[in-house]
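I opened the file for a first pass through the fold. These are my notes, in the order I checked things.

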Amino acid sequence: MSLSKERMPKQQYAKPIPTPSPETQRYWEGCKSHELWLPFCRACQSFFFYPRRFCPQCFGWDIEWRQVSGRGKVYSYAIQHRAFHPGWAQETPYVTAIVELDEGPRLYTNLVDVEPDPNSLRCDMPVEVVFDDISEEISLPRFRPVLSSAEGPA
Ligand SMILES: [Zn+2]
């Protein structure tokens, strides 16, 4: 699978598009299926992120990929009023965040379906992953607030 220019989507996506590497290929394949898969260390029984060939906690090389729940909470966030890249110029303000997954790892991501307003955001608010298909090859994980635990699947 390669990112060829002939297969660009019809609508212009003006932001940088990630390029899968051997270490991140499985991660992007999961995202393409709208599933979040992370590397899991069998030696110390923990997930980690970003993907790499050895465990950053115990330096073990016995790694496998496992699907995670896609649920977590906001560890920190920032409301971006200035675009750091022209592709985002029309979207300010928007919310960037570090989300701590229920399984432990933290992802740098965007929050969506929420007002870019400090009154609408708080640390520890529960969130869940949603996927944004930005090209035929790449879907980006973003997170939205979980409205009520009573509405979600048990
Ligand atoms: Zn480990």
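**Entry 1: confidence**

I started with the weak end of the model, where pLDDT stays under 50 over residues 1-6. For that stretch the model has three contacts beyond four places in sequence. Where pLDDT is low, the predicted coordinates should not be read in detail. I left residues 1-6, with their pLDDT under 50, out of my close reading. This is a predicted model throughout. I then checked the chain as a whole: its mean pLDDT is 90. Of its residues, 88% reach 70 or more.

**Entry 2: layout**

I listed the elements next. The chain holds one helix and eight strands. Read from the N terminus, the order is α-β-β-β-β-β-β-β-β. I looked up burial too: buried residues make up 16% of the 154 residues. Then I took the contacts with a separation of 6 or more, and 50% of them join residues 24 or more positions apart.

**Entry 3: the helix**

Which residues of helix 1 are buried? In this helix, residues 25-32, I found Tyr27, Trp28 and Cys31 buried. Viewed down the helix axis, the buried residues fall within an arc of 90 degrees, so they line one face of helix 1. I asked what covers them. The cover includes strand 1 (37-41), strand 7 (126-133) and strand 8 (139-145).

I picked Cys31 in helix 1 for a closer look. Why does Cys31 count as buried? Cys31 has 23 C-beta neighbours inside 10 Å, and the cut-off for buried is 20 or more. Leaving aside neighbours within four places in sequence, I found Cys31 in contact with Phe131, Ser139, Leu140 and Pro141. I also checked its C-alpha distance to Asp133, which is 9.0 Å. Those two residues are 102 apart in sequence. Just after helix 1, I noted that His34 takes a positive phi of about 60 degrees.

**Entry 4: the open sheet**

I traced strand pairing from the N-terminal side. Three strands form an open sheet in the order 2-1-3, with antiparallel pairing. Its edge strands are strand 2 (46-47) and strand 3 (63-67), each pairing on one side only. Strand 1 and strand 2 are joined over two bridges in the antiparallel sense. Within that pair, Phe40 has Phe47 of strand 2 as its bridge partner.

**Entry 5: pairings of strands 4 to 7**

I moved on to strand 4 (71-80). Strand 4 and strand 5 (94-101) run antiparallel, with eight bridges between them. I looked up two of the partners in strand 5. Ile79 is bridged to Val95, and Gln80 to Tyr94. Strand 4 also runs antiparallel to strand 7, through three bridges. There, Lys73 has Pro126 of strand 7 as its bridge partner.

Strand 5 goes on to pair with strand 6 (residues 106-111), antiparallel, over six bridges. In that pair, Val95 stands opposite Leu111 of strand 6. The hairpin of strand 5 and strand 6 has four residues between the strands. In this hairpin I found Gly104 with a positive phi near 120 degrees.

**Entry 6: the core**

How many residues does the largest nonpolar core have? I found 17. Those with the most contacts inside this core are Val74, Tyr77, Ala97, Val99, Leu111, Val127 and Phe143. Strand 1, strand 4, strand 5 and strand 7 each supply at least two residues of the core. Strand 5 gives the most, with four residues.

I then compared the two faces of strand 5. Which residues of strand 5 are on the covered face, and which on the uncovered one? Val95, Ala97, Val99 and Leu101 form the covered face. Tyr94, Thr96, Ile98 and Glu100 form the uncovered one.

I closed with Val99, one of the core residues with the most contacts. Setting aside its neighbours within four places in sequence, I found Val99 in contact with Gly72, Val74, Tyr75, Arg106, Leu107, Thr109, Val127 and Phe143. As background for this entry, I noted that nonpolar side chains tend to be buried together in soluble globular proteins.

Terms used: Residues numbered from 1 in each chain as written. Predicted model: local features only at pLDDT ≥ 70, side-chain atom pairs only at ≥ 80, totals over all residues. Buried ≥ 20, exposed ≤ 12 C-beta atoms within 10 Å, placed from the backbone. Arc of directions from axis to C-beta. Contact = placed C-beta atoms within 7 Å. Core = buried A, V, L, I, M, F, W, Y, C linked by C-beta atoms within 7 Å. Pairing = 2+ DSSP bridges. pLDDT = per-residue confidence, 0-100.
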